[in-house]
Amino acid sequence: MTDIDTAKIEAIIRHVAATEVMPRFNNLEKSDIREKGPGDLVTVADEASERVFTKLLAEALPGSLVVGEEAVSKDLSVLEKLKGDQPVWVIDPIDGTYNFSHGSKKFGILISLVQNGVTQYGWAFDAPGNRMAAGQRGAGAFLDGKRLKINCKATEMKQLVGRSSATMKSQASFFKELINQRCSLHDHMDFITGDADFVAHTPKVTPWDHAATSLLVQESGGYVAMNVEEIPYDPTLFGPALLLTAPDKTWWSKLFPVLYPQAKQV
């Protein structure tokens, strides 16, 4: 595993949030927001944030590469960097861009370091709430310095609170709550802090949405897998998937067929 100065990385994240992201929150012109795909927004803040992160993170770890969400949106071949041996920074410069551009505080920054197809470090910074979650493979996950540990006390499905990345009206009746916040960071932050009991993300996985968050979940004691085959999450994947985060393997097995009833083995 590549050793890095985690305090330095956290300082970089806070710096970019303070200089590139938060000053533009609730301060965007219409011309500062555009669609890069149907319903998929990008703002000048996303682009400025990624530009600064690309420079500072590469400098923080000489020899490392960078895969940013906005760079990939312009050139899919950037994803090939994840298939090599060099450490790769994965950047979501603003996770929850729709919320950010519509005045909601459900957004933040996701950063991870992937090497040889494995997420080694992950950070999730809730910039409006000033909360920093950080994890290192094999060393645990922490929220503002306090170790995180999943402790789901529910005994029945109807007691569970869930988060999803898609509208699941027919499934919602099985649970106490199931809502779409339009933000992977806040979905998984709710999970690792005990405000949610599971997270269902479909129809696809991306390195920037799920590498950092999945590591934080795993290092907090949660269980993450994809599809009916229960495949371990892979941070190099970009494409269709049924991702489910649960308190443990038993709950995962109970939840998957309820949340994804049409899933078939491939």
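## Starting with one strand pair

In which sense do strand S10 and strand S12 pair, and over how many bridges? Strand S10, covering residues 161-164, and strand S12, covering residues 198-201, pair in the parallel sense, and three bridges hold the pairing. One place to look is Gly162, whose bridge partner in S12 is Phe198. Please keep in mind as you explore that this is a predicted model.

## The six-stranded sheet

Both of those strands belong to an open sheet of six strands, which you can follow in the order S11-S10-S12-S17-S14-S15, with mixed pairing. At the edges stand strand S11 (177-179) and strand S15 (231-232); each has a single partner strand, so one side of each is left without a neighbour in the sheet.

Two helices meet this sheet. Helix H7 (residues 207-219) packs on the sheet and touches S12, strand S14 (223-226) and strand S17 (243-246), with its direction at about 135° to that of S14. Helix H8, made of residues 249-259, lies across S11, S12, S14 and S17, and runs at about 140° to S17.

## A closer look at S17

Strand S17 has a partner on the S12 side and another on the S14 side, as the strand order shows. S12 and S17 run antiparallel and are joined by three bridges, with Ala200 standing opposite Leu244 in S17. S14 also pairs with S17 in the antiparallel sense, here over four bridges, and Tyr223 stands opposite Ala246 in S17.

What covers S17 on its two faces, and are its residues there buried or exposed? Both faces are covered: Leu243 and Thr245 on one side are buried, and so are Leu244 and Ala246 on the other. As background, in a regular strand the side chains alternate between the two faces of the sheet.

## The seven-stranded sheet

A second open sheet to trace has seven strands in the order S3-S4-S5-S6-S7-S8-S9, again with mixed pairing. Strand S3 (65-68) and strand S9 (146-147) are found at its edges, where each has a single partner strand, so one side of each is left without a neighbour in the sheet. Inside the order, strand S7 (residues 131-136) and S8 run antiparallel and are joined by four bridges; Gln136 stands opposite Gly140 in S8.

This sheet has helices packed on it as well. Helix H1 (residues 6-21) touches S4, S5, strand S6 (118-126) and S7, and its direction makes about 40° with that of S6. Helix H2 (residues 44-60) touches S3, S4 and S5, and its direction makes about 155° with that of S4.

## Nonpolar cores and a buried serine

The largest nonpolar core has 32 residues, and those with the most contacts inside it are Val67, Leu82, Ala124, Ala133, Met189, Ile192 and Tyr233. At least two residues of this core come from each of strand S4 (88-95), strand S5 (108-115), strand S8 (140-143), helix H6 (184-192), H7 and S14. Helix H7 gives the largest share, five residues. Apart from this core lies another, of 27 residues, including Ala17, Ala45, Ile91 and Leu113.

Ile192 makes a good landmark to visit. Leaving aside residues up to four places away in sequence, Ile192 touches Ala133, Leu148, Ile150, Leu216, Val217 and Ser220. Ser220 sits in the loop between H7 and S14, and its relative accessibility is 1%, so Ser220 counts as buried. With the same sequence limit, Ser220 touches Ala141, Leu148, Lys149, Ile150 and Ile192.

## Aromatic rings and charges

Across the whole structure, a search finds eleven aromatic pairs. One of these is the tilted pair of Trp208 and Phe238, at 5.4 Å centre to centre and with 45° between the planes. The two rings come from distant parts of the chain, 30 residues apart: Trp208 is in helix H7, and Phe238 is in the loop between S15 and strand S16 (239-240). Trp208 has a relative accessibility of 6% and counts as buried, while Phe238, at 34%, counts as partly exposed.

Elsewhere, ring pairs link Tyr223, Trp252, Phe256 and Tyr260 into a cluster. Charged side chains meet rings too. Arg182 lies over the face of Tyr98, 3.8 Å from the ring centre, and the charged end of Lys254 sits over the ring of Trp251, at 5.0 Å from its centre.

Key. Residues numbered from 1 in each chain as written. Predicted model: local features only at pLDDT ≥ 70, side-chain atom pairs only at ≥ 80, totals over all residues. Heavy atoms only, no water. Pairing = 2+ DSSP bridges. Contact = heavy atoms within 4.5 Å. Axes fitted to C-alpha atoms, helices over the stretch in contact; angles between N-to-C directions. Phe/Tyr/Trp six-rings, centres within 6.5 Å; stacked < 30°, edge-to-face > 60°. Buried < 20%, exposed > 50% of the residue type's maximum accessible area, 1.4 Å probe, protein only. Lys NZ or Arg CZ within 6 Å of the ring centre and 35° of its normal. Core = buried A, V, L, I, M, F, W, Y, C linked by side-chain atoms within 4.5 Å.
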